[in-house]
Amino acid sequence: MIGNSSVSCYGIRRLNPFLGVLQIIELDGGRASTTNGRVWHIELQVVRHGGWGSLNAHASINNWQLVGLWSEKEGLIKAPMITGDWHDDLCNLLIKQILQHHHELPFPLTDRRELWLLDQTDRKPLALLMSMLPGPRHSNHKPRFWRGCLERSRIGGDHHFTEIDRLERLVRKRAGFHVNHLWVTWDVDRQYAETDQGERIDRAGLPSFGLTEDWPDDQSRALVQRYVDWIAPALLTLPTLQEAERRRLESNLGRRASRIEYYWRLYPEILDQDKIMTPRVQTRLTTDNSGITR
């Protein structure tokens, strides 16, 4: 049964905040995913019976359960709560598929359906909130506002954009109190997107970096530019970038060396090898000298 499982390899974006592209290898009942091309999360699908009460007696819920982490260097490290060998066959098959398909990274991006936050004045796309596979017309989960980074600490660091509070306030103000959203679906070649009402929007009408760079004043434009520079190592994982956009991001990587080292395996294209290699060497030297990556 397991030997006949079909294999799907695809990528989906990690959004709100944007954290790069998640790469997935999926089989019947199991999947492996990676955010950096080196460490893989091994998950199995577990069927749980419905909750207490007669109404739920015959119900079942499919959940994904983390079995462990796998890397070529460390092998499989099982999650603490996982016992027994009931999962070994499927885990071994997933690891076999990782080894077989690893050279194909990054996988094709499949989340062509997008939800955008709109400008309250001109109703143009302002910031990308979420994406999903084409099919269902809506999602039960719909973020109200845009988030720019994961860490909320006021202390600067590699995972925190120091001006994030100011930037998010700027986006919220432009979106207005009564926020408006827009669902669009890209065509397979990502040359244009269509709204649910059938209106076609060309590539230029949707911000490539997930946040509009069209602002009415120099101060706001400069702030957004600093954010784009800060998040550039993650943005370079996008296979949808135009050559000029990719070249621009590579030219403004700044001091984000450790983030480049984290993401570079998932870059679909590198235009200037030196722009990527130099920060990677810097990261390795820092790690070798101190034992940690600063």
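What is the mean pLDDT of the protein, and what share of its residues reach 70 or more? This is a predicted model, so let me start there. The mean is 88. The share of residues at 70 or more is 84%.

Confidence varies along the chain. Strand β1, residues 8–13, has the highest mean, at 98. Helix α6, residues 273–290, has the lowest, at 75. A general caution applies: where pLDDT is low, the predicted coordinates should not be read in detail.

Now to strand β9, residues 181–186. Why call β9 largely enclosed by the rest of the structure? Because five of its six residues are buried. Buried here means under 20% relative accessible area.

β9 has pairing partners. One is strand β7, residues 113–118. The pairing of β7 and β9 is antiparallel and runs over five bridges. In it, Arg113 faces Thr185 of β9.

Another partner is strand β10, residues 192–195. That pairing is antiparallel too, over three bridges. Thr185 comes up again: in β10, Glu194 stands opposite Thr185. So keep Thr185 in view on screen, with Arg113 across from it in one pairing and Glu194 across from it in the other.

β9 and β10 form a hairpin, with five residues between the strands. Look at Arg190 in that hairpin. Its phi is positive, near 55°.

Next, the largest pocket. How much volume does it have? About 650 Å³. Its lining counts 38 residues. Closest to the centre are Trp116, Leu206, Pro207, Ser208 and Phe209.

Which elements give two or more residues to that lining? They are β7, β8 at 125–132, α3 at 218–235 and α4 at 243–250. Helix α3 gives the most, with three residues.

The make-up of the lining is mixed. We have 18 nonpolar residues, seven polar and 13 charged. If you plan to look at the pocket, start from those groups.

Last, the packing. The largest nonpolar core holds 40 residues. Inside it, Trp146 and Leu167 have the most contacts. At least two core residues come from each of β7, β8, α2 at 164–175, α3 and α5 at 257–263. Helix α3 leads here, with nine residues.

To close, two elements to remember. Helix α3 gives the most to the lining of the largest pocket, and α3 also gives the most to the largest nonpolar core. Strand β7 pairs with β9, gives two or more residues to the pocket lining and supplies at least two residues of the core.

Methods:
Residues are numbered from 1 along each chain as its sequence is written. This is a predicted model: local features need pLDDT of at least 70, side-chain atom pairs count only at pLDDT 80 or more; totals for chains, interfaces and linings use all residues. Side-chain values use heavy atoms; hydrogens and water are left out. pLDDT is the predictor's confidence in each residue, from 0 to 100. Helices (H or I, at least four residues) and strands (E, at least two) are DSSP runs, numbered from the N terminus. Buried means under 20% relative accessible area, exposed over 50%, partly exposed in between (1.4 Å probe, protein chains only). Two strands pair if DSSP finds at least two bridges between them. On a 1 Å grid over the protein atoms alone, a cavity is a set of points where a 1.4 Å probe fits but cannot get out, and a pocket is an open set with protein on both sides within 12 Å along at least five of seven lines; lining residues have an atom within 4 Å of a point. Grid points are joined across faces, edges and corners, and a volume is the space filled by probe spheres set on the points. Ala, Val, Leu, Ile, Met, Phe, Trp, Tyr, Cys and Pro count as nonpolar, Asp, Glu, Lys and Arg as charged, and the others, Gly among them, as polar. A nonpolar core is a set of buried Ala, Val, Leu, Ile, Met, Phe, Trp, Tyr and Cys residues joined through side-chain atoms within 4.5 Å.
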